[in-house]
2 protein chains.
Amino acid sequence: MESEEAVATIGDVARAAGVSRSTVSYALSGNRPISRETRERIDQAILELGFTVNAGARALATAQTKAIGLLSQFHRDEFAPAMLQYIRSVSDAARELGYDVLFVTDIDGSAAVRRITSSNMVDGVVLLDVTHADPRLDALRAARQPGALVGLPGDTEGLDVFDLDFGESARVMVDHLYSLGHREIILVSPPKHVFERGGAYGWRFRDAAIERAGRYGIRIHPYYGESQQPEITVNIDAILDARPTATAMIVHNDATIAALPMVLQRRGVRVPDDLSVVSLYAQDFGRTFSLPYTAVESSPDKLGRMAVQQLVRRIIDPGQAGPAVVKFVAPELVDRGSTA
Amino acid sequence: MESEEAVATIGDVARAAGVSRSTVSYALSGNRPISRETRERIDQAILELGFTVNAGARALATAQTKAIGLLSQFHRDEFAPAMLQYIRSVSDAARELGYDVLFVTDIDGSAAVRRITSSNMVDGVVLLDVTHADPRLDALRAARQPGALVGLPGDTEGLDVFDLDFGESARVMVDHLYSLGHREIILVSPPKHVFERGGAYGWRFRDAAIERAGRYGIRIHPYYGESQQPEITVNIDAILDARPTATAMIVHNDATIAALPMVLQRRGVRVPDDLSVVSLYAQDFGRTFSLPYTAVESSPDKLGRMAVQQLVRRIIDPGQAGPAVVKFVAPELVDRGSTA
DNA sequence: CTGAAAGCGCTTACAG
DNA sequence: CTGAAAGCGCTTACAG
């Protein structure tokens with residue numbers, strides 16, 4: 001059982017290589033020149049002993065953990081599938097930059113932010129699914145570590161924020177439908193509870209769509225969507241029954257768009273012949289649900305990646321990273337032929 | 001700017017409370033009796049200074065990080081939605097037991113296991129999506145930290161393993177269909193690449209289904225499913241065209257079952273009147289995809305939770321936790337009326 | 001009930 | 001180019 005062997009420390013390496021511990025440390029970090037001969041002896045010793053730097057000790061000495069916190073919330077009554085793409089892109093981007101990810105799903109997000117920052121478990125924090133008056137922001141501002149958000153809060157003071165431009169997304173869709181001749185449109189927004197919770201993307205999109213439609217003289221009928229079956233289906237049916245003369249539908253709701261193909265097929269509604277449909281979702285999401293609709297790309301990969309990159313910039317050099325930034329990803333309409 | 005203040009250490013608390021650092025430490029841990037008066041002064045000082053124990057320093061001193069690693073793989077060509085439920089249950093269970101989660105998605109899983117274990121970043125590791133000859137297992141066995149697996153490998157030696165009983169799941173389904181009078185059944189397995197990668201749940205389920213059907217004299221037609229559109233739909237159509245006399249379908253394939261309602265509706269196949277359908281998926285998954293089928297519950301919550309609990313047991317007391325355990329969750333058929 | 005001191009495994013000025 | 005030493009912020013025998 002080699003498991004009895006104590007784990008090798010930098011001191012063991014130093015002894016085996018016949019040098020001092022500081023020399024091993026500098027050989028590891030490259031922070032000062034080491035003779036070729038010495039370096040080779042050290043490398044050899046590291047290999048033989050299977051040495052790896054103890055992360056906790058390094059963190060204590062450098063005051064850097066090389067980890068970032070990823071705060072994710074799972075709300076009851078929520079349609080979760082889109083979340084994974086953000087988690088994944090943050091994780092991948094972090095690793096590429098040499099950071100590990102502490103994944104936190106505590107119900108109490110504020111407490112979680114305080115816990116991981118004040119105990120110095122992480123060098124920075126990424127907040128997912130940020131709401132208008134997100135309680136986690138105060139905790140983040142009070143922390144000594146920087147933070148980056150995916151999702152636009154009401155007050156962006158001092159924080160780096162990344163989000164899709166939902167207002168422009170709505171305008172792009174309305175313009176698209178207008179140019180095709182549509183004059184009466186249904187709009188399905190996120191569920192009411194998303195608005196109530198402060199999911200700003202809901203009203204940012206809706207208000208922009210209504211404003212734009214108004215400018216063109218388009219009749220637009222806004223509705224809340226649902227997030228759970230069977231309510232989703234009931235809801236879609238009710239909306240379609242109520243608006244038989246509408247020629248197009250804008251769906252800004254993951255759960256609704258995922259269920260739409262079924263409902264339309266059952267009702268015998270052909271897309272785009274009977275009804276034009278435009279939506280907003282990530283390409284991967286569309287593939288998962290076999291969605292054939294023209295849609296604005298929601299870009300979870302890009303957003304997660306941007307957030308991490310900016311965060312790491314601030315971690316590495318708090319001074320150079322400049323003032324807080326709010327960045328909106330421009331919508332890109334991917335035409336899949338579901339409008340006419 | 002209070003941000004200039006250095007972060008409070010245990011020494012600051014000790015000074016403020018007029019006691020020694022060790023007393024503060026013991027007050028924190030509760031590892032020895034402290035007089036009420038002293039304890040109050042310490043609590044007061046902690047509050048005033050906003051003190052939190054430095055996680056890295058504690059980890060260094062105790063050789064415990066209070067974190068577990070969660071190794072998750074994202075394969076190209078994979079249907080991802082089910083993964084999030086495992087991630088979530090592991091994360092929730094870990095937090096309930098006082099552990100944080102280091103979430104790792106490196107392409108090279110072995111290297112990732114070595115990295116986080118040998119650098120002592122975690123006290124233990126949970127492996128998700130384990131394959132028959134999973135290369136991460138050697139790295140895990142070589143580590144000084146314990147590990148728990150979700151998914152059955154070919155060699156379970158020395159490892160705690162948790163998985164659904166896929167063989168029994170298949171038998172339950174075949175029995176169910178047999179008792180309803182079905183004598184010709186279609187079986188849709190996971191995609192071929194899952195089998196090739198060593199996803200043992202694929203053949204464990206399939207072989208058991210074939211064996212059981214054989215015993216009953218049921219004709220069973222096994223097929224690989226697909227994982228991406230439009231291949232999924234093409235595949236289902238081809239299978240149904242090839243087996244017009246089959247009266248039931250067992251679907252052991254997330255992507256296929258998610259797309260099935262659409263295909264059946266388009267073809268005008270009524271369930272269960274024209275075709276009985278049984279599948280295997282988690283309740284949440286079924287809700288997400290609005291699936292109306294009778295199915296064996298895949299229990300991601302239970303599996304993730306069991307893995308974490310066993311892992312923490314081993315972390316806390318490596319001696320008492322006993323020999324490695326392989327636990328299969330019994331299948332539970334949830335009847336949703338899709339068979340007749 | 002409490003304190004002084006050693007030690008966890010690193011990094012980094014300081015010195016040569 | 002290299003070493004001895006201090007220090008990062010904790011915990012825990014050891015002593016009283």
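Which helix supplies the largest share of the surface near DNA strand D? Here it's H4(B), with 5 residues.

This is a predicted model, where local features need pLDDT of at least 70 and side-chain atom pairs count only at pLDDT 80 or more, while totals for chains, interfaces and linings use all residues. Residues are numbered from 1 along each chain as its sequence is written, chains are lettered from A and ligands numbered from 1 in the order in which they are written, and side-chain values use heavy atoms, leaving out hydrogens and water.

**View 1. Two copies, chains A and B.** A turn of 180° with a shift of 0.0 Å along the axis lays chain B on chain A with an RMSD of 0.0 Å (least squares on C-alpha atoms of residues with pLDDT of at least 70 in both). The two copies are thus related as by a two-fold rotation axis.

**View 2. The surface near DNA strand D.** There are 30 residues around the strand, and the closest are Thr23(A), Arg32(A), Thr38(A), Ile10(B) and Ser25(B) (near means a heavy atom within 4 Å). Sugar and phosphate make up 49% of the strand D atoms that come within 4 Å of the protein.

**View 3. Polar contacts to the bases of DNA strand D.** A side-chain N or O atom of Ser22(A) sits 3.0 Å from a base nitrogen (polar contacts are pairs of N or O atoms within 3.5 Å). For Tyr26(B), a polar side-chain atom is 3.0 Å from a base nitrogen. Ala57(B) uses a backbone N or O atom, 3.4 Å from a base nitrogen.

Note on methods
A polar contact is a pair of N or O atoms within 3.5 Å; within protein, one must be able to donate a hydrogen and the other to accept it, and residues adjacent in sequence count only if both atoms are side-chain atoms. Helices (H or I, at least four residues) and strands (E, at least two) are DSSP runs, numbered from the N terminus.
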